[in-house]
Amino acid sequence: MSKPDRPQGAPAGTKRIPTPTEPDVDVIVVGAGPAGAAAALVLARAGRSVYLLERGPFPGSKNMYGGVIYGRILDTLIPRWWEEAPVQRWVTRRATMVMTPTQALTIDYRTAAWGEAPYNGATAFRPDFDAWLADHAVAAGATLVPSTTAVGLLRGDRGQIVGVQTDRPDGDLTARLVIACDGVNSFLAKEAGLYHHPEAEHFTLGAKEVLALPRDEIEKRFGLRGLEGADFEIIGCTPGIAGGGFIYTNLESVAVGVVLSLEDLKRSGKRPEELIAGLKAHPAVAPLVEGAELTEYSAHLIPEAGLHMMPELYGPGMLVAGDAGAFCLAAGIWLEGVNFAIGSGKVAGEVAVQALRAGDTSATFLGRYQDALTDTFALADHIKLQGAPALVMSDNVQRRYPELVCSLVESLFTVTNPTPKKGALRLAREAAKGSGVRLRDLARDGWAALRSYG
Amino acid sequence: MSVHPTPSGWSEVSFEDRMALVDFRLSSRAHITVDGDACRGCTTKACVTACPANLFVPVSDGSIVFNYEQCFECGTCYLVCDESGAITWTYPDGGHGVVFHKS
């Protein structure tokens, strides 16, 4: 076949072909991010032929995050991965900051345990990390096909998915099964009719600056030694826009960014880089980043809404994993994505192996993907935390509670001599009143939080 | 573009300089096209402020001029767009477009 004849700038859609008796390959995995690489690795190790398609010039080249990779899921794929993975720093300091424009309360946790094998989490550059993981898939026998965009689907006689159209000359590739790991915009899941909630309200925009600082300066500012790293997650730093912020350390740079509700960003008329500038100018943040030189600016969408936006995860001849399947946990105290991508990709690979062995890639058979996911964190955590994203993005959690806790702590620690001290309960009542928090809201949100996090 | 002074005295880089730090591998094909006529009736024009790469420029006749070259391929514009069909969005041809290095 020749290059797909699509009008310039228009999606290719779906092409019907006779179901191939001898497809080009067992499985086409679209997207060589952590989900796709994990799926391809599992398939290749099982002896299956795999094309791992990547639209960028190398895996990870289109990817950004904000930004800790949690390692336990890697243990099951690459034993002692920490001896070879291209990480920047091991996170030994995890802080949660609650902010108003002039105040900040920080819960700052440090542990030596996370600085030793098997390590809890690491910061890394995704172009390094994703390429490393994809290298493992290639070493196991998968064929990486970079610089190749999947622009549409191929469907066979009975409507089942039998491959993808790519933008290469002779670009149609056929397979027994397609695994869509094509990222947050997943045009393949949409084209397959699996994606039912593509509305803006389910997405956030992440925008990030990487700021260069000398290694010893980072260690001084963040109180770190050697390869220790810090991760600060922030709420209350995006005035008028539901979202949050983050600061984390690389070896010789600090990443600072914001996460912004698309609906609120749209209404606010504010620009993403202005909101990053506002965060950097905050009195609790400025000393950490001032004078640092911008070396890269990046932006990416985040599937924020968890279970509520999740597409159907399988169809005839197709599985969906990673951001394409909304496997990204935005639950406030837990912000995880790369591990969910790897976890879902791994299960997709395992189910694909079973399906190929059974010679059955029907939707009925592939339904066991959903069951297998429910048995592991990748979907179980989303089911458990289905109420968390909406709670975290609510006006109370975004604005009123930060104001409440900051003004309470300020009044507790402001010495008012010669006026006698007020009791803590009275201060709490005054702070609640001042920030417009109603007791019944607190009770309701407390109950919702308990149901999600408890 | 202006340089924004910050409270602590150091300055933000200009937007042009910010974008010049990013590696873009140019394709001859515009992967996103904007129908400026459709934009004329749009009162929100959210793409203009929401696009993190600042690629949507309102012009005097009420339409929008778009430059695809320094695009992060994030998808924000088509999601915030109020005018059905105004933005046609695809990924750049393989190997082209943004390439992150320190993300």
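Two residues are in contact here when they have heavy atoms within 4.5 Å of each other. Keep that in mind for the first stop, and remember that this is a predicted model.

**Stop 1: two helices in chain A**

Start by selecting residues 338–358 of chain A, which form helix α9, and then add residues 377–384, which form helix α12. Which residues meet where these helices touch? On the α9(A) side, pick N339(A), F340(A), G343(A) and S344(A). Their partners in α12(A) are F377(A), A378(A), D381(A) and H382(A). Colour this contact by residue type and you should get three nonpolar, four polar and one charged.

Now turn the view to look at the two axes. Two packed helices are described by the angle between their axes and the distance between the axes. For α9(A) and α12(A), the angle is about 125° and the axes lie 8 Å apart. The two helices are therefore oblique to each other.

**Stop 2: the buried side of α12(A)**

Stay with α12(A) and show the side chains of A378(A), L379(A) and H382(A), which are buried. Look down the helix axis: the buried residues fall within an arc of 80°, so they line one face of α12(A). What covers them? Select α9 of chain A again, then β19 (329–331) and α11 (368–374) of the same chain; these are included in the cover.

**Stop 3: helix α15(A)**

Next, move along chain A to residues 424–434, helix α15. Its residues L427(A), A431(A) and A432(A) are buried. Seen down the axis, the buried residues of α15(A) fall within an arc of 135°, so this helix also has them lining one face. Bring up α14 (395–413) of chain A, and you have what the buried residues of α15(A) pack against.

Flip to the other side of α15(A), where L425(A), R429(A) and K433(A) are exposed. An α-helix has 3.6 residues a turn, so residues three or four places apart point the same way. Before leaving, click on G436(A): just after α15(A), this residue takes a positive phi of about 75°.

**Stop 4: chain B**

Finally, hide chain A and show chain B as a cartoon. How many helices and strands does chain B have? There are four helices and six strands, and along the sequence they run α-β-β-α-α-β-β-α-β-β.

Of the 103 residues of chain B, 52% count as buried. Switch to a surface view: the accessible surface of chain B comes to about 4500 Å², with 52% of that belonging to carbon and sulfur atoms. Among chain B contacts between residues at least 6 apart in sequence, 59% join residues at least 24 apart.

How values were computed: Residues are numbered from 1 along each chain as its sequence is written. Chains are lettered from A and ligands numbered from 1 in the order in which they are written. This is a predicted model: local features need pLDDT of at least 70, side-chain atom pairs count only at pLDDT 80 or more; totals for chains, interfaces and linings use all residues. Side-chain values use heavy atoms; hydrogens and water are left out. Axes are lines fitted to C-alpha atoms, for helices over the stretch in contact, and angles run from 0 to 180 degrees between N-to-C directions. Angles under 35 degrees count as roughly parallel, over 145 as roughly antiparallel, 65 to 115 as roughly perpendicular and the rest as oblique. Ala, Val, Leu, Ile, Met, Phe, Trp, Tyr, Cys and Pro count as nonpolar, Asp, Glu, Lys and Arg as charged, and the others, Gly among them, as polar. Buried means under 20% relative accessible area, exposed over 50%, partly exposed in between (1.4 Å probe, protein chains only). Accessible areas come from the Shrake-Rupley method with a 1.4 Å probe; for residues, only the protein chains shown count as cover. The arc is that of the directions from the helix axis to the C-beta atoms.
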